[in-house]
Amino acid sequence: AAKGSGRNQYAVHDEVHSENARRRLLVQASLPHAIDRGEFRLHYQPQMDLTTEEQVGNEALLRWDHPELGVLKPGDFIELAEESGLMRELGQWVLGQAITRAAACLASGDGIGVTWINASASELDSEGFAARVEDALARRGVPGHRLGIEITESVVMTNLTRAHRTLNRLRSLGVQLAIDDFGTGYSSLSYIGQFPVDIIKIDSSFVAGLDSPARRRESFAIVTAVISLAHSLGMKVLAEGVETSTQALILHGLGCDQGQGYLYGRPRALTIT
Ligand code: C2E
Ligand code: MG
Ligand code: MG
Ligand code: MG
């Protein structure tokens with residue numbers, strides 16, 4: 001019997017394995033046409049001021065309505081898009097969509113503040129990224145301060161000189177900049193102070209730790225240090241993945257400026273009213 005069930009386990013494992021491989025191949029094959037077929041859309045998640053409890057911004061998060069696989073999240077396809085050289089085109093689509101939405105919000109007097117997008121390493125590192133942003137803003141008459149760009153530490157660290165140039169150019173357009181997933185990547189403290197960023201986004205893992213008995217002490221220490229570092233460099237702090245009111249209370253008490261997470265709202269398709 002033991003032998004039999006062992007064989008079944010392998011069979012199940014093989015099936016799962018080949019199912020994953022099948023999905024991956026399908027994603028890879030359909031990716032090049034997905035933009036033209038209109039299968040991508042952006043969801044938006046609110047960002048809140050922890051003191052006034054008012055919404056100060058929105059983060060655009062990419063979704064793919066795959067005809068066979070259903071709704072896919074970035075974790076299912078961003079890496080493949082990078083590998084197949086499609087990230088620049090996809091990023092350009094995201095930029096256009098987000099700015100179009102920001103323009104519509106402006107026109108309707110909707111005070112949602114800043115619309116943030118995520119930029120990947122290959123986008124930030126590509127020649128002319130800042131020029132494309134400038135162009136997209138100008139075409140739709142959106143002032144730079146209505147757009148924010150989130151980058152991860154590793155993106156900045158990949159090509160320091162180019163990153164610096166690009167970030168400074170974006171800054172001169174008034175575009176806001178944030179370091180995403182702070183604390184999870186590799187970066188040197190001496191670089192953080194040199195980058196012209198407005199906001200540091202504390203990674204959700206530290207936020208989750210705030211009300212987990214096993215990780216409370218460590219998470220408190222890290223969050224406190226990041227807030228103090230950011231503030232003394234003149235930056236604001238946003239906590240990612242805020243799910244409970246306990247976390248929100250603690251974060252506010254520690255001086256964290258903004259929060260984002262399921263407590264305030266899940267990412268969702270927004271229609272402009
Ligand atoms: P991120 O920028 O750190 O975005 C936060 C992620 O956490 C999102 O996952 C969001 O749906 C999720 N999230 C928000 N609040 C909560 C919460 O309270 N609890 C939990 N458990 N999760 C929460 P998502 O949408 O799957 O995106 C994953 C990552 O994909 C993003 O991480 C970002 O790095 C990347 N990404 C998303 N959209 C784009 C895009 O347009 N371009 C690029 N280059 N990357 C993108
Ligand atoms: Mg982000
Ligand atoms: Mg993040
Ligand atoms: Mg994250």
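Trainee: Which residue coordinates both the magnesium ion (ligand 2) and the magnesium ion (ligand 3)?

Mentor: Asp180 does, and the two ions are 3.8 Å apart. This is a predicted model, where local features need pLDDT of at least 70, side-chain atom pairs count only at pLDDT 80 or more, and totals for chains, interfaces and linings use all residues. Side-chain values use heavy atoms, without hydrogens and water; residues are numbered from 1 along each chain as its sequence is written, and chains are lettered from A and ligands numbered from 1 in the order in which they are written.

Trainee: What makes a residue a donor of the magnesium ion (ligand 2)?

Mentor: A donor is an N, O or S atom within 2.8 Å of the metal (3.2 Å for Na, K and Ca); water is not among the atoms, so a site may look incomplete. Glu59 (OE), Asn118 (OD1), Glu150 (OE) and Asp180 (OD) lie 2.0 to 2.2 Å from this ion, so they qualify. Along the chain they follow the spacing E-x58-N-x31-E-x29-D. Glu59 lies in strand S2 and Asn118 in strand S4 (residues 114-118), so this pair ties together parts 59 residues apart in sequence. Strands (E, at least two residues) and helices (H or I, at least four) are DSSP runs, numbered from the N terminus.

Trainee: And which protein donors does the magnesium ion (ligand 3) have?

Mentor: Asp180 (OD), Asp181 (OD) and Glu240, whose OE is listed twice, at 1.9 to 2.7 Å. The donor residues are spaced D-D-x58-E. Asp180 sits in strand S6, while Glu240 is in the loop between strand S8 (236-239) and helix H11 (245-253), 60 residues away.

Trainee: How do you know that Asp181 makes a polar contact with ligand 1?

Mentor: The term asks for a pair of N or O atoms within 3.5 Å. A polar side-chain atom of Asp181 is 3.0 Å from a ligand 1 oxygen, so this pair meets the cut-off. Asp180 has such a side-chain atom at 2.8 Å, and Tyr262 contributes a polar backbone atom at 2.8 Å. The protein covers 77% of the 800 Å² of accessible area (Shrake-Rupley, 1.4 Å probe) that ligand 1 has on its own.

Trainee: What makes up the shell around ligand 1?

Mentor: Its residues divide into nine nonpolar, five polar and nine charged. Being in the shell takes a heavy atom within 4 Å, and 23 residues surround the ligand, Arg63 and Glu243 among the closest. The largest share, four residues, comes from S2.

Key
Polar contact = N/O pair within 3.5 Å; in protein donor to acceptor, adjacent residues only side chain to side chain. Nonpolar A, V, L, I, M, F, W, Y, C, P; charged D, E, K, R; others polar.
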